[in-house]
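Subject: Structure for you to look through

Hello,

Here is the structure I said I would pass on. Please open it beside this email and follow along as you read.

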Amino acid sequence: MVLVGDSLGMVVLGLDDTMSVTMDEMLHHTRAVRRAVKQALLIADMPYGSYHLDETEGVRNAVRFVKESGAEAVKIEGSRPELVKRLLDAQVPVMGHIGLTPQSLHTMGGFKVQGKSLPAVESLMKEAVALDRAGVFSLVLEGIPREVAAMISAEVKAPTIGIGAGPECDGQVLVLHDVLNLTFHNPPKFARQYADVAAVMAEAMRAFKSDVETGLFPSDAESYHLSRETQAALEAITERKRAMRR
């Protein structure tokens, strides 16, 4: 699966959080990913405000993702089982997302681990079961204790996808830019860096700058040339002009 997340606001657009990412921006990026994806299931993240105020508007925006961007499913944050049912009625598959939900940043008081107390664990379990029964095809568990994620994974039928939720989940997801070290911020604890692409890019740009300054780029091999006939004709014209000036 490939998820076009609203985290693009932070890792692509340079924003501090995901709250101001718009539908148009999500549609734009999802369309771009759609052109490249050939086999994976493409899921689009519904941004803040696109389904929070009115379920009918939420259905309308989810349908836009399918019709206008080529997404095959959408992801929504929080416990919204009734919205899930309405989206399924509109033939839009839904991925759920509970725990640390970035669109609830302000009510959570920041990017903080969720489900650390017994009441919080009970609440997460209820949310997971409700979404599972509503028909989500998978459930993202973000920023919750490993033990809680294991309990949820054992309880629900839908496969769980962990991000900062331990190894007992059925699958795992990470933000691509965290994996490659292409971010504007310090990565969270759970994000393992598999390559330092930022360092490779920086070194390439320094080498390019140096080669331009020293005249090593572009070389003759990297330049286009006239044909021998055209070059000879041009030299003949140049020579005639010199003769006329003498």
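**Loops and backbone angles**

Gln91 lies in the loop between α4 and β4. Before going further, note that this is a predicted model. Gln91 has a positive phi of about 70°, although Gln91 is not a glycine. Is Gln91 buried or exposed? Its relative accessibility is 66%, so Gln91 counts as exposed.

Asn181 is another residue other than glycine with a positive phi, in this case near 60°. Look for Asn181 in the loop between α8 (176-180) and α9. Asn181 has a relative accessible area of 24%, and is therefore partly exposed.

One peptide bond should also be marked. Phe217 and Pro218 are joined by a cis peptide bond, with omega at about 0°. Pro218 sits in the loop between α9 and α10 (228-245).

**The aromatic pair and the patch around it**

Phe217 comes up again here. How many aromatic pairs does the structure hold? It holds one. The partners are Phe208 and Phe217, and their arrangement is edge-to-face. The ring centres are 5.8 Å apart, with 70° between the planes. An angle over 60 degrees is what counts as edge-to-face, and so the 70° between Phe208 and Phe217 puts them in that class.

Both rings are partly exposed: Phe208 has 41% relative accessibility, and Phe217 has 36%. Phe208 and Phe217 also belong to a nonpolar surface patch of about 380 Å², which Met205 and Val212 help to make. Val212 is in helix α9 (residues 197-214). With a relative accessible area of 42%, Val212 is partly exposed.

**The nonpolar cores**

In soluble globular proteins, nonpolar side chains tend to be buried together. In this model the largest nonpolar core has 39 residues. Which of them touch the most other members? They are Phe65, Ile76, Leu87, Ile98, Leu141, Ile144 and Ile152. Several helices and strands each supply at least two residues of this core, including α2 (23-36), α3 (55-69), β4 (94-99) and β5 (138-142). Helix α6 gives the most, with six residues.

To see the packing around one core residue, select Ile98. Not counting residues up to four places away in sequence, Ile98 touches Gly78, Leu124, Glu127, Ala128, Leu131, Leu139, Val140, Leu141, Glu142 and Ile152. Apart from the largest core lies another core, of six residues, with Ile43, Ala73, Met95 and Val140 among them.

**The start of the chain**

Met1 is in the segment before β1 (2-4). Its relative accessible area is 55%, so Met1 is exposed. Which residues is Met1 in contact with, leaving aside its neighbours within four places in sequence? The list is Ala40, Leu41, Ile43, Met95, Phe137 and Ile161. Met1 and Val173 are 172 residues apart along the chain, yet their C-alpha atoms are separated by 9.3 Å.

**Salt bridges**

Side chains of opposite charge can pair when their charged atoms come close. How many salt bridges does the structure hold? The count is 12, and the ones below are worth finding on screen.

Arg64 and Asp24 meet through their side chains in a salt bridge, 3.9 Å from N to O. Arg64 lies in helix α3 and Asp24 in helix α2, so the pair ties together parts that are 40 residues apart in sequence. Arg64 is partly exposed, with a relative accessible area of 25%, whereas Asp24 is exposed, at 52% relative accessibility.

Arg64 also meets Glu68 in a salt bridge, at 2.9 Å from N to O. These two residues both lie in helix α3, four residues apart, which is about one turn of the helix. Glu68 is partly exposed, with a relative accessible area of 38%. Through shared partners, salt bridges join Asp24, Arg64 and Glu68 into one network.

Another salt bridge is formed by Glu72 and Arg34, with the closest N and O atoms 3.6 Å apart. Glu72 lies in the loop between α3 and β3 (73-75) and Arg34 in helix α2, so this pair ties together parts that are 38 residues apart in sequence. Both are partly exposed: Glu72 has a relative accessible area of 35%, and Arg34 is at 22%.

Regards

Key. Residues are numbered from 1 along each chain as its sequence is written. This is a predicted model: local features need pLDDT of at least 70, side-chain atom pairs count only at pLDDT 80 or more; totals for chains, interfaces and linings use all residues. Side-chain values use heavy atoms; hydrogens and water are left out. A nonpolar core is a set of buried Ala, Val, Leu, Ile, Met, Phe, Trp, Tyr and Cys residues joined through side-chain atoms within 4.5 Å. Buried means under 20% relative accessible area, exposed over 50%, partly exposed in between (1.4 Å probe, protein chains only). Contact means heavy atoms within 4.5 Å. Patches are made of residues with over 30% relative accessible area and no salt bridge: like charges are joined within 9 Å, nonpolar side chains (Val, Leu, Ile, Met, Phe, Trp, Tyr) within 5 Å. Accessible areas come from the Shrake-Rupley method with a 1.4 Å probe; for residues, only the protein chains shown count as cover. A salt bridge is a side-chain nitrogen of Lys or Arg within 4 Å of a carboxyl oxygen of Asp or Glu. Rings of Phe, Tyr and Trp (its six-membered ring) pair if their centres lie within 6.5 Å; planes under 30 degrees apart count as stacked, over 60 as edge-to-face and the rest as tilted.
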